[in-house]
Amino acid sequence: METSQRQDQQRAAERRRKELLEAADRVVLRDGPGASMNAIAAEAGITKPILYRHFGDKGGLYRALAVRHTDGLLAGLRAALDAPADRRSRVERTLDTYLAAIEARPQVYRFLMHPGEEAGPTDPGFESGRHSAPLLRRMGEELAQVIAERVDLGTGGEELARVWGHGIVGMMHAAGDWWLRERPCTREVLVHHLADLLWGRLAAAGDRTGGPGF
């Protein structure tokens, strides 16, 4: 009986946490980096102390939202890499998946990557780099793993895969950030130019024997 009650309580807590994250998403879509704990608590119909009880502070809430959105983005990137197509097309699809995601929800992107831009006096010290860096590192490691699984890079391949993974994520982040702010060209044109930049060494490398191919 006690075990069943604990499980019920755990499921209820998970449902409540999901509801609070959905309320936070709605506020972020509206307010972007300026989303405050007060606004999120109001959207969820609770007081700020209750919100703190679930996430601790804005940093805790940010990390929970980052996991939620990064999981979805990484799933999309892996799907693009697994699509039945030649390697160049998969590279372009992967770049386009990332750019399409930040274009579709720019306020969420800015909250995750530039959370300090519009932080008010109730959010002291919420620096962009301190919170966005772990998200970019996670994406870099995930991409490095995909590259190592699929591309035969020879001696020192694991190290090179990590260099490529983090380098590609850094390029996508910097170029995407600039493009989202200035819109100097279409997404299709940006994807083509970035793929050209990446293509030389990727085109020369063979697929890893027994791997899924890239």
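These legends accompany several close-up views of a predicted model.

**View 1. The largest nonpolar core and its best-connected members.** This core holds 55 residues. Which of them touch the most other members? They are L51, L61, L95, Y98, M139 and I147. As general background, nonpolar side chains in soluble globular proteins tend to be buried together.

**View 2. Y98 and its contacts from elsewhere in the sequence.** Here we stay with Y98, one of the core residues that touch the most other members. Leaving out residues up to four places away in sequence, Y98 touches L73, L77, Y109, M139, M172 and H173. Among these partners, M139 is also listed with Y98 among the core members that touch the most others.

**View 3. Helix α4 packing on helix α6.** Helix α4 covers residues 58-82, and helix α6 covers residues 106-113. Their axes lie 10 Å apart and make an angle of about 130 degrees. The two helices are therefore oblique to each other. Their crossing is left-handed. On the α4 side, the contact is made by K58, Y62, L65, A66 and H69, which meet V108, F111 and L112 of α6. Sorted by type, the residues of this contact are six nonpolar, one polar and one charged.

**View 4. H69, a buried residue of helix α4.** Let's look closer at one of the residues from the previous view. H69 sits in α4 and has a relative accessible area of 17%, so it falls under the 20% limit for a buried residue. Which residues does H69 contact, once its neighbours within four places in sequence are set aside? They are D25, R105, V108 and L112. Of these, V108 and L112 belong to α6 and take part in the contact with α4.

**View 5. A23 in helix α1 and its partners E43 and A44.** A23 is part of helix α1, which spans residues 2-31. Is A23 buried or exposed? With a relative accessibility of 1%, A23 counts as buried. Not counting residues up to four places away in sequence, A23 touches E43 and A44. A23 and E43 are 20 residues apart along the chain, yet 5.9 Å separates their C-alpha atoms.

**View 6. R183 in the loop between α8 and α9.** The last view shows the link from α8 (157-182) to α9 (187-204), where R183 is found. What is notable about the backbone of R183? Its phi is positive, at about 45 degrees, although R183 is not a glycine. The relative accessibility of R183 is 40%, so this residue counts as partly exposed.

Technical notes: Residues are numbered from 1 along each chain as its sequence is written. This is a predicted model: local features need pLDDT of at least 70, side-chain atom pairs count only at pLDDT 80 or more; totals for chains, interfaces and linings use all residues. Side-chain values use heavy atoms; hydrogens and water are left out. A nonpolar core is a set of buried Ala, Val, Leu, Ile, Met, Phe, Trp, Tyr and Cys residues joined through side-chain atoms within 4.5 Å. Buried means under 20% relative accessible area, exposed over 50%, partly exposed in between (1.4 Å probe, protein chains only). Contact means heavy atoms within 4.5 Å. Axes are lines fitted to C-alpha atoms, for helices over the stretch in contact, and angles run from 0 to 180 degrees between N-to-C directions. Helices (H or I, at least four residues) and strands (E, at least two) are DSSP runs, numbered from the N terminus. Angles under 35 degrees count as roughly parallel, over 145 as roughly antiparallel, 65 to 115 as roughly perpendicular and the rest as oblique. A crossing is left-handed if the near helix is turned anticlockwise from the far one by less than a right angle, and right-handed if clockwise. Ala, Val, Leu, Ile, Met, Phe, Trp, Tyr, Cys and Pro count as nonpolar, Asp, Glu, Lys and Arg as charged, and the others, Gly among them, as polar.
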